[in-house]
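Let's look at a protein model together and ask how each label is earned. Have the picture ready as you read.

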Amino acid sequence: MEHFLQRLDPFLSLLARILMATLFVMAGMDVAMDFAKFSARLEADGLSGYLTGPVFWFLIGTGLLLLVGAWTRLVALAMAGFALASGIIDYGDFAHATDMVMLLKNIALTGGYLYVALHGPGRWSVDALFGRAG
């Protein structure tokens with residue numbers, strides 16, 4: 001089994017990066033569709049609406065960098081921090097069962113991004129191309 005999984009490592013690492021990056025890219029696209037709505041949501045969470053632009057660029061930028069596997073370890077650490085912080089901010093009302101499930105989803109995502117930060121991008125990545133994958 002170990003040998004089989006080692007042979008699949010490049011493909012599975014790429015697939016994992018694609019799946020994890022999709023969340024951030026799609027969330028960024030959602031922000032782009034209605035900046036005012038997202039800004040209002042930030043303000044409802046007690047944050048400044050001025051964070052809308054930086055959050056948009058963070059979501060799109062980190063998503064695309066993870067997708068291609070560039071600066072993967074640093075990007076994955078940043079995404080882990082964002083996933084955890086946004087989960088706590090957005091889903092801190094434990095009286096609602098949905099909030100608890102969504103917070104647990106963000107905690108699980110945090111674990112996935114931390115794993116990527118530890119494991120690296122895999123062989124099929126920009127980092128590997130430039131010798132930064134190790």
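Q: What is the volume of the largest pocket?
A: In this predicted model, the largest pocket has a volume of about 580 Å³. Of the 26 residues that line the largest pocket, Ala27, Arg41, Phe82, Ser86 and Asp90 are the closest to its centre. The elements giving two or more residues to this lining are α1, α2, α3, α4 and α5.

Q: What makes residues of the largest pocket's lining count as nonpolar, polar or charged?
A: The class follows from the residue type: Ala and Phe count as nonpolar, Asp and Arg as charged, and types such as Ser fall among the others, so they are polar. Sorted this way, the lining of the largest pocket has 19 nonpolar, two polar and five charged residues.

Q: Which residues line the second largest pocket?
A: Among them are Asp9, Arg17, Met20, Tyr115 and Pro121. About 160 Å³ of space lies in this pocket. Its largest share of lining, six residues, comes from α1. By class, the lining has six nonpolar, four polar and two charged residues.

Q: Why is the largest nonpolar core called a core?
A: A core needs buried residues of types such as Leu, Met and Tyr, joined through side-chain atoms within 4.5 Å. The largest one has 20 residues, and Leu66, Met79 and Tyr113 have the most contacts inside it. α1 (2–33), α2 (35–44), α3 (52–68), α4 (72–90) and α5 (97–119) each give two or more residues to this core.

Q: Which residues does Tyr113 touch, not counting those up to four places away in sequence?
A: Tyr113 touches Met20, Leu23, Phe24, Leu66, Ala76, Met79, Ala80 and Ala83.

Definitions and conventions: Residues numbered from 1 in each chain as written. Predicted model: local features only at pLDDT ≥ 70, side-chain atom pairs only at ≥ 80, totals over all residues. Heavy atoms only, no water. Buried < 20%, exposed > 50% of the residue type's maximum accessible area, 1.4 Å probe, protein only. Helix = DSSP H or I, 4+ residues; strand = E, 2+ residues; numbered from the N terminus. Contact = heavy atoms within 4.5 Å. 1 Å grid on protein atoms, 1.4 Å probe; cavity = no way out; pocket = protein on both sides within 12 Å on 5 of 7 lines; lining within 4 Å. Points joined across faces, edges and corners; volume = space filled by probe spheres on them.
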